[in-house]
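Please load the model in your viewer and keep a selection panel at hand. The stops below move from helices to charged pairs and then to single residues.

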Amino acid sequence: MTEWEDWRRHLRRIGERRLLVLSGSETWAMARAAELCPEDSLWLGPAPAGHEARDPARILRYLGREYPCLVYNAYGGLHPDAFGALLGTVAAGGLVLLLCPPLADWPSYPDPDLARYVALPEQADGLESRFIRRFAALLQQDEQVWLWRQGQPAPALSALPDTSWQRRRDRHGCLNREQRQALACMLHAARRRQPLVLTADRGRGKSSLLGLAAARLLDAGYRVLLTAPSPAAAARALEHSGQRLPFMAPDALLARRPEADLLLVDEAAAIPSAMLLTLARRYCCLFASTEHGYEGTGLGFQLKFQPALARLSPGWRKYHLSEPARWSPRDPLEPLVFRLLALDADPVTPPAGGGLRIHRLEPRQLIEDESLLRQLFGLLTLAHYQTRPSDLRQLLDAPGLELVLARLGGIPVAAALLVREGELDPALGQAIWEGRRRPRGHLLPQSLAFHGGFREACRLGYRRIMRIVVHPRCQQQGIGSRLLDWLKRQGGADFLGTSFGASPELLRFWRRNGFQPVRIGLGVDAVSGLHAAMMLWPQSPAARALLPAWLGQFGADLRHHRQGLLRALPDACWRELDLPLPAVSPGLDEPRVRDFAFAHRDLPADQPALARFLRRTPLPATLPAHQLALLEALLAPGANPAEVARRLGLKGQKDATQQLRQVVQQLLPPPATDC
């Protein structure tokens, strides 16, 4: 081990990091990793005795910390977002140990992470992962990756450059010229009460600069607060402020509204954009964040939040750090992660002219053509704010995913990603309708059945457009509409459908292309701050026959919710919805009312049907006053069950809803039973 220790000391001296792959059985790989890594390493996935196993899916608690060694046990599943984000926690001179099956067998290994990309667990059985095949190939192509295969001697340690790297702070606490300029900009913005956004890739010192700026401002008498997705994510900023900086979680800030001259927001991309905007309205803020999609809300911080901040505060400023501060500029680990997860993928600039060609694309074509894969994924990243590494895996591995590409002069300029949904087993469809089952996937049929109140939804087939993107330089040229026209002509399902954040612009686009709204979500998305809209275009005779009744029921439900849970939906959205005339029959309401009473259907979703039922049903004279009060309170538009429970002296929201079910049961004939 002397050679190993000497190599580790040399690695620390040059300030670089390395990836070591231990490829073999899980038992062998864990034993080797335990020998190579110190006890204070971060273990992700299954771990041997003496090491705490951490869940890779819960990454936010680890961001902002530093570890000398990260062990990622891919036998527990290769989660692309976690792998990309947490490699940034490895300190200069540190190691990442990747534990995996033999590389030739790894693509066919039953990876637990594949379960996130299928509707039912059995669909993952026997799947070969194209994502892992590409991942393993790139690892083997990189000369800086140290690969130890079980049954073979440990390979020779890679040669390291004979250079030195040291972090020396100046009198301001900065490590380089860029940091000094950024600190000056931050202090200037704070004194002028101008919002500032500090962006960089990991390891550039964003959090440290927040702490240094805070210390200077606190010394000058400013009231400064710090927030971040978690206390752990704020640790570095707190350290560099001298532990004098008060920390509050974002939700606590919004609830308590403490006074402050300045709010520092670390790891801002991991906080929902809507929450960031609310904080920006309340405080003068300095935001620090990465802009790549391996953590938090993906590109939402760049593509959604920053334009909104510009509208709110036209004088805002931005500073970008490019020079690494936490490790050497020659460090090979960060470029490797970017290649593995296509974080640096960029679309090709579209040509000025040329004919538009639309065609299907098989996932195997992407694994065979790295250039095409990077162009397509770059297009998705550029045009949609929630793209992250998991989307790359979905693109390559998800069964039933349909890819459609539009090329202009041979260059990809638009794309649509579709997934087949619906045509569910009748027993499963009934369980979904009643609220007893919620399998992964099948977004449209499940939501339309359970939340929309359309009982037939699960038996029909859908091609859901998960993503449709057009290169920004080619927008407003009708390319998106031509892509939709091509999809409409393909058939193969009852409905062509979509779900998206309901902005006036998107509603106008889909309505202009003939899609009809059938559901508006009653809550708002944590990232976009928008209500979800679901829209359909009928492709089969059965769909065309059903859609008018669905539209009438949707219109009636929406009229009820407009005065309640949807009262904050902007007027521009209501205009674009062009609501269908309310037209619902008791025959459509009765199944919703009965299965709310006797099964587990959702109160907010079924509230309109329950209210209509109550209006046309004579109430028994013997109904106690407290039950009548419960009916009236819970079926009023926008009723808050928790508040109703408090007002009526009930135990809570669940108790109030359960008592409502019992009252409605009294107003209905008992359900039929099998003899």
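Select helix H19, residues 541–562, where helices are DSSP runs of H or I with at least four residues, numbered from the N terminus. At 1.5 Å a residue, its 22 residues should span 32 Å, and the end C-alpha atoms are 32 Å apart, which agrees; the expected span is 1.5 Å times one less than the number of residues. This is a predicted model, in which local features need pLDDT of at least 70 and side-chain atom pairs count only at pLDDT 80 or more, while totals for chains, interfaces and linings use all residues. Residues are numbered from 1 along each chain as its sequence is written, and side-chain values use heavy atoms, with hydrogens and water left out.

Staying on H19, centre on Leu547, where a kink of about 35° lies shortly before the proline Pro548; the bend at a residue is the angle between axes fitted to the seven residues ending there and the seven starting there.

Next, select helix H17, residues 479–490, whose 12 residues should span 16 Å at 1.5 Å a residue and whose end C-alpha atoms are 17 Å apart, in agreement. Its buried residues are Ile479, Gly480, Ser481, Leu483, Leu484, Trp486, Leu487 and Lys488, where buried means under 20% relative accessible area, exposed over 50% and partly exposed in between, with a 1.4 Å probe and protein chains only. Just after H17 comes Gly491, which has a positive phi near 65°.

Now turn to the charged pairs. Side chains of opposite charge can pair when their charged atoms come close. The structure holds 37 salt bridges, each being a side-chain nitrogen of Lys or Arg within 4 Å of a carboxyl oxygen of Asp or Glu.

Select Asp578 and Arg511, whose side chains meet in a salt bridge at 3.7 Å, N to O. Asp578 lies in the loop between helix H20 (571–577) and helix H21 (586–598) and Arg511 in helix H18 (residues 504–512), so the pair ties together parts that are 67 residues apart in sequence. Asp578 counts as exposed, at 52% relative accessibility.

Compare Asp606 and Arg601: is this pair buried or exposed? Both residues are buried, and their closest N and O atoms are 2.8 Å apart in a salt bridge. Widen the selection to Asp557, Asp589, Arg592 and Arg612 together with Arg616, since these residues, with Arg601 and Asp606, are linked in a network of salt bridges.

Move on to Glu178 in helix H5, residues 177–191. Glu178 is buried yet has no salt bridge, and the nearest side chain of opposite charge, Arg177, is 5.5 Å away; for this purpose Lys and Arg count as positive and Asp and Glu as negative, with His and the chain ends not counted. The side chains of Glu178 and Ser322 are joined by a polar contact of 2.7 Å, meaning a pair of N or O atoms within 3.5 Å, of which, within protein, one must be able to donate a hydrogen and the other to accept it, residues adjacent in sequence counting only if both atoms are side-chain atoms.

Finally, select Arg440, in the loop between helix H15 (426–434) and helix H16 (443–450), which is partly exposed with a relative accessible area of 44%. A polar atom of the Arg440 side chain lies 2.9 Å from the backbone oxygen of Ala115, and the C-alpha atoms of Arg440 and Pro121, 319 residues apart along the chain, are separated by 8.7 Å.

How values were computed
Helix = DSSP H or I, 4+ residues; strand = E, 2+ residues; numbered from the N terminus.
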